[in-house]
Amino acid sequence: MPVSTFSLNMEIADNRHFNGQLSPLFTVEEAKKALAFHSSIDGYKPTPLLSLDCLAEEFGIGKILVKDESHRFGLNAFKMLGGAYAIALLLCDKFKLDINAFDFDKLKNEITEKMTFATATDGNHGRGVAWAAKKLGQNAVVYMPKGSAEERVNNIKALGAECIVTDMNYDDTVRLVLKTANENGWKVIQDTAWEGYEEIPTWISQGYTAMVIEAVMQLEEHSVKAPTHVLLQAGVGALASGALGYLTNVYGADNLHSIIVEPAKADCMYRSSLTEKGEIVNVDGDLDTIMAGLACGEPTTIGWPVMRDCTTQFVSCDDEVAALGMRVLGNPLGNDPRIISGESGAVGLGMLAAIHFHEDKDVLMKKVGLNKDSVVLLINTEGDTDAKNYREVVWEGKYPTTAK
């Protein structure tokens with residue numbers, strides 16, 4: 001039994017629009033193609049799928065498995081899986097190449113006229129685009145919204161990219177990138193989609209499926225046939241839709257209790273799920289949340305239909321939920337491995353912890369279908385990409401959980 005109870009704010013909505021229709025964009029075949037591409041890059045190795053057995057026992061759950069993307073290509077986050085894959089497919093289309101034979105070093109010497117890739121980012125996506133541009137000897141211009149962490153800016157600049165912090169929120173920064181890129185003839189590599197711009201965002205989401213195909217293969221190492229639950233964090237929904245699209249194609253949407261988790265200050269998926277017909281609802285304003293990677297108020301048009309059709313529940317939660325997840329993952333029970341997780345990476349585990357310590361734990365456990373036989377799959381999308389903020393949360397107690 002927990003020694004105290006926390007009443008963290010979490011709004012949990014059943015998805016009234018669920019129909020289980022599988023996405024043709026995120027099939028097993030597409031995921032295998034993405035994984036084959038990433039497997040061919042020097043330094044590739046699967047990120048670990050870690051089992052938190054002691055924590056699962058404490059929470060009354062059969063198993064908690066965390067795919068830890070903080071180890072991806074030394075970039076401390078998963079995002080390069082999307083940006084690099086999209087750039088590779090873009091160049092394959094431009095130079096009539098086969099993605100199965102794509103070679104960064106070879107192509108670097110064949111591009112005679114330098115290209116510039118432009119994007120908006122809260123940090124990790126831009127770093128991935130800058131990484132790919134550097135591998136190819138090309139230019140990258142990365143725009144970031146106001147309030148972006150200095151460390152994330154410096155990580156992008158360290159890869160040779162130009163990085164500009166705007167005085168706008170994320171979604172307005174995306175619009176600035178589009179305008180500036182059109183004026184300068186740059187190629188936009190953006191992970192959100194809108195009408196008329198959907199091919200590259202589709203490639204980015206397909207690139208993300210490489211991590212979940214790894215996870216599915218790694219389940220066997222933990223004597224697990226299939227997860228019962230998957231918790232996916234969402235910003236614009238590029239990761240959530242790609243991962244959910246693939247997992248439902250593998251297991252069937254009816255066999256997987258899927259939960260999309262968002263910050264309350266940028267909960268566009270949650271709000272969209274509440275509409276009568278499942279239409280997109282945008283959230284505007286500063287989007288001022290600790291979860292910088294999820295501070296997006298406009299769902300991607302290619303991703304929302306996947307989530308609308310196949311998500312079991314949507315959750316909108318306060319920043320304190322993510323902070324709790326960071327502290328729990330960084331201070332493991334028993335022999336559980338320590339996981340360093342940033343704000344956006346920890347929110348799924350934070351939700352599980354918040355339920356466990358909640359005064360209405362039994363009611364919430366039942367609502368989300370958790371019990372002693374549940375197998376929960378989580379993705380830690382980033383490590384301490386903002387080390388200063390990580391220490392303030394984990395060491396100094398920033399965003400405290402108030403005991404009732």
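**Salt bridges in the predicted model**

Let me start with Glu69, which is buried, with a relative accessible area of 0%. I should say at once that what we are looking at is a predicted model, and that I will speak today about its salt bridges.

The partner I want to show for Glu69 is Arg72, and in the salt bridge between these two residues the closest N and O atoms are 2.8 Å apart. Arg72 is buried as well, its relative accessible area being 1%.

How many salt bridges does a search of the whole structure find? The search finds 18, and I have picked out two others to set beside the pair I began with.

One of them joins Arg152 to Glu382, where the closest N and O atoms lie 3.8 Å apart. Because Arg152 sits in helix H6, residues 150-157, while Glu382 belongs to the loop between strand E11 (375-380) and helix H15 (387-394), this pair ties together parts that are 230 residues apart in sequence. Arg152 is buried, with a relative accessible area of 7%, and Glu382 also counts as buried, at 2% relative accessibility.

The other is formed by the side chains of Arg271 and Asp267, with an N to O distance of 2.7 Å. Are its two residues buried or exposed? Arg271 counts as partly exposed, at 36% relative accessibility, whereas Asp267 is buried, with a relative accessible area of 5%.

Finally, coming back to Glu69 and Arg72, these residues are joined with Lys67 and Glu214 into one network, through salt bridges that share partners.

Methods
Residues are numbered from 1 along each chain as its sequence is written. This is a predicted model: local features need pLDDT of at least 70, side-chain atom pairs count only at pLDDT 80 or more; totals for chains, interfaces and linings use all residues. Side-chain values use heavy atoms; hydrogens and water are left out. A salt bridge is a side-chain nitrogen of Lys or Arg within 4 Å of a carboxyl oxygen of Asp or Glu. Buried means under 20% relative accessible area, exposed over 50%, partly exposed in between (1.4 Å probe, protein chains only). Helices (H or I, at least four residues) and strands (E, at least two) are DSSP runs, numbered from the N terminus.
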